[in-house]
Amino acid sequence: MEELIRKRIKQIKKGDQDAFAEIVELFKDKIYQLVYRMIGNSHEAEDIAQEAFIRAYININSFDVNRKFSTWLYRIATNLTIDRIRKKKPDYYLDAEVAGTEGLTMYSQVAADIALPEEEVETMELQGEIQRQILKLPDKYRSVIVLKYIDELSLIEISEILEIPVGTVKTRIHRGREALRQQLRHV
Amino acid sequence: MNKCPEHIVQYMHEYLDGDLEKEREKELKAHLQNCKECYQQFHELEKAIALVQSTSHISAPNDFTQRVMNSLPKEKKTISWNR
């Protein structure tokens, strides 16, 4: 897999755009999911995830093929998302609420369209609630929690993506986990 | 809660990160068996993790790749056409 990616990156560096389409296909779900869980809004998530790929393409010549491409791509996406979250800060809680409601609306529509059994609707409401609680976390805890538990990355990879020491990643995960424990204990 | 050693919570997190030493793990387990509050806290941590992990499946929209490709700088496209 890493070998294939390296080959495609070399092609992209030579100007082969089709090779980039393959890279987007490989990583789009992971990147979109990461951004969506951090931002909580599907339109914004799509916008940011696309921007991340476009920036990766534009800056591909600054990427060292001997390094792990996914780490570099995750870093671009995480930085863009954190920037966006920080710009939104004044109406942070309002946004979180809107995002949650939107999720629920989306789920309710799905439910109405194909008449899901009640327990599946409950599962979707639970999903909306968990998403809202993730969005309540301060961004520095939110990013590590999403990278670890949703994108399932190792502590070392997270430390490379965020460019912070592993010890700091651990501290943030501990605090994020503790906050989530309190927020989710009665769910 | 006050009677519990402070490092127990730290051990819980280290255990959840998969880097608690064997000796300390024994100490943590022994403590959890005897302390209802800490057992409860540990259980809630595991539950929070399980809930977050249960949300993990979403995919990018179907036209995602096409949209990205359409937004790439034009000049590079020309290079690719001329190949």
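Student: Which residue forms a salt bridge with A:Arg84?
Tutor: A:Glu44 does, with the closest N and O atoms 3.4 Å apart. A salt bridge here is a side-chain nitrogen of Lys or Arg within 4 Å of a carboxyl oxygen of Asp or Glu. This is a predicted model, where local features need pLDDT of at least 70, side-chain atom pairs count only at pLDDT 80 or more, and totals for chains, interfaces and linings use all residues. Side-chain values use heavy atoms, leaving out hydrogens and water.

Student: Where do the two residues of that pair lie?
Tutor: A:Arg84 is in helix H4 of chain A and A:Glu44 in helix H3 of chain A, 40 residues apart, and the pair links distant parts of the chain. Helices (H or I, at least four residues) and strands (E, at least two) are DSSP runs, numbered from the N terminus.

Student: Is A:Glu44 buried or exposed?
Tutor: A:Glu44 is buried, at a relative accessible area of 18%, while A:Arg84 counts as partly exposed at 26% relative accessibility. Buried means under 20% relative accessible area, exposed over 50%, and partly exposed in between (1.4 Å probe, protein chains only).

Student: Which residues are in the salt-bridge network with A:Arg84?
Tutor: A:Glu44, A:Asp47, A:Arg84 and A:Lys88 are linked in it.

Student: Switching to the interface. How many salt bridges are there between chain A and chain B?
Tutor: There are 5 between chain A and chain B, and a search of the whole structure finds 21 over all chains. One pair between the chains is A:Arg181 with B:Glu44, at 2.4 Å between the closest N and O atoms. Another is A:Arg177 with B:Asp17, at 3.0 Å.

Student: Why does the pair of A:Arg177 and B:Asp17 join two chains?
Tutor: A:Arg177 lies in helix H9 of chain A and B:Asp17 in the loop between H1 and helix H2 (22–34) of chain B, so the pair bridges the two chains. Both A:Arg177 and B:Asp17 are buried.

Student: How much area do chain A and chain B bury between them?
Tutor: About 3,800 Å², with 60% of it on carbon and sulfur atoms. Buried area is the accessible area (1.4 Å probe) that two parts lose on being put together, summed over both. The contact (heavy atoms within 4.5 Å) takes 42 residues from chain A and 36 residues from chain B.

Student: Now chain B by itself. How many helices and strands are there in chain B?
Tutor: Chain B has 5 helices and 0 strands. Of its 83 residues, 40% are buried.

Student: What about B:Glu14, which helix is that in?
Tutor: B:Glu14 lies in helix H1 (residues 7–16) of chain B. B:Glu14 is buried yet has no salt bridge, and the nearest side chain of opposite charge, B:Arg24, is 4.3 Å away. For charge, Lys and Arg count as positive and Asp and Glu as negative, with His and the chain ends not counted.

Student: What does B:Glu14 touch, leaving out residues up to four places away in sequence?
Tutor: B:Asp19, B:Leu20 and B:Arg24.

Student: And how far apart in sequence are B:Lys22 and B:Glu25?
Tutor: They are 3 residues apart in helix H2 of chain B, about one turn of the helix. Their side chains meet in a salt bridge at 3.5 Å, N to O. B:Lys22 counts as exposed at 63% relative accessibility, whereas B:Glu25 is buried at 14%.

Notes: Residues are numbered from 1 along each chain as its sequence is written. Chains are lettered from A and ligands numbered from 1 in the order in which they are written.
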